[in-house]
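Trainee: Could you take a close look at one part of this protein with me? I'd like to go through the salt bridges slowly, and then see what else turns up around them.

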Amino acid sequence: MENFDPDHVNRLVLLHLRQEGIDGNVLSRLENCLTSSEPKRKRHKCEIASAEASDLFKACQFAFDSMFTLTVVCLNGSSQRLQVQACTTVKEVKLMLEANTSIPWLSQKLVCENVELHENSSPLIKYHIGPFKPTLTLLRMPCLFVAGCGDEEVANKICGSYYAKEERKGRIKYVKHEKVDGHTVYLYYWDDRTGDHARGWWFGFKPTSRRGMNSAWAFNPSICRKPPESGWRQPWNGDVDPSIRISDSSFMR
């Protein structure tokens with residue numbers, strides 16, 4: 001367990017104690033000790049935990065080391081049963097589901113009691129998921145739909161539905177379902193490697209430094225994690241075209 005954030009271990013301990021029906025007063029003291037951010041308590045956190053709960057920590061070791069069955073319920077009524085550990089990451093679970101359901105892991109949305117597991121690199125225990133809370137719901141992430149454009153030729157290129165292709169540096173690259181003149185159309189984020197003037201979201205063919213801006217049709221200087229709904233420049237170095245809109249669709253399975 002030394003390889004994981006202590007707070008994740010603390011969550012597992014408290015989850016286990018609640019399931020075991022530990023006396024409320026004892027549980028309250030331990031919870032204050034384990035989760036308090038007050039400097040004084042934080043400084044003595046290990047001492048208090050060792051004095052009052054060392055055996056309980058040992059009792060929870062099995063939850064990290066042992067496999068348990070995680071049930072993932074799909075919206076079509078089917079379910080997947082996966083063998084995981086509390087330290088299994090969200091991305092690892094999604095990759096298992098991709099192999100079983102053919103839903104790309106980037107298009108998956110996992111939910112537990114209305115809370116989305118949105119940090120792919122985090123272990124399940126961060127979301128209080130362990131042997132005692134082993135059920136998730138699988139949704140399919142919405143596609144992006146692009147509509148509107150003042151230039152009819154550009155509209156034919158960029159308008160339509162897009163699906164998540166891959167994730168790079170915290171942002172997803174999207175691909176249009178239909179090709180244009182035999183070429184794949186991308187909606188992607190470009191960083192500042194070629195200067196601040198190029199940083200933002202782009203519509204174009206395959207993004208490469210060689211092609212550069214010659215293959216781009218619209219640009220948005222936003223640095224947000226998702227493609228912005230509006231504010232797109234068309235042409236890329238022109239004025240904002242208010243008719244270009246990006247929206248989600250609840251395309252789920």
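Trainee: Let me start with one residue: is E153 buried or exposed?

Mentor: E153 is exposed, with a relative accessible area of 56%. Keep in mind that we're looking at a predicted model. E153 pairs up with K157 in a salt bridge, and their closest N and O atoms sit 3.4 Å apart. Both residues belong to helix α6, which covers residues 152-158, and because they are four residues apart there, about one helical turn separates them. Now look at the partner: K157 has 14% relative accessibility, so it counts as buried, the cut-off being under 20%. So this salt bridge links an exposed E153 to a buried K157.

The structure holds three salt bridges, so let's visit the others too. R193 joins D191, with 2.8 Å between the closest N and O atoms. Here D191 is the buried partner, at a relative accessible area of 15%, while R193 is partly exposed at 48%. Then there's R199 with D196, where the closest N and O atoms are 3.9 Å apart. D196 is exposed at 55%, and R199 counts as partly exposed at 30%.

Back to α6, which has another role in the picture. The largest nonpolar core has 24 residues, and the ones touching the most other members are I158, Y162, L187, F203 and W232. Several elements give two or more residues to this core, including α6, β7 (160-168), β9 (186-190) and β10 (200-204). The largest share, three residues, comes from α6. In soluble globular proteins, nonpolar side chains tend to be buried together.

Try clicking on L187 for a feel of that core. Leaving out neighbours within four places in sequence, L187 is in contact with a list of residues, among them L144, Y162, I172, W201, F203 and W232. There's also a second, separate core of 18 residues, which includes F68, V84, V93 and L124.

One last thing, about how far to trust what you see. The chain's mean pLDDT is 76, and 67% of its residues reach 70 or more. Residues 39-52 have pLDDT below 50, and beyond near neighbours in sequence that stretch has 15 contacts in the model. Where pLDDT is low, the predicted coordinates should not be read in detail.

Terms used. Residues are numbered from 1 along each chain as its sequence is written. This is a predicted model: local features need pLDDT of at least 70, side-chain atom pairs count only at pLDDT 80 or more; totals for chains, interfaces and linings use all residues. Side-chain values use heavy atoms; hydrogens and water are left out. A salt bridge is a side-chain nitrogen of Lys or Arg within 4 Å of a carboxyl oxygen of Asp or Glu. Buried means under 20% relative accessible area, exposed over 50%, partly exposed in between (1.4 Å probe, protein chains only). pLDDT is the predictor's confidence in each residue, from 0 to 100. Contact means heavy atoms within 4.5 Å. A nonpolar core is a set of buried Ala, Val, Leu, Ile, Met, Phe, Trp, Tyr and Cys residues joined through side-chain atoms within 4.5 Å.
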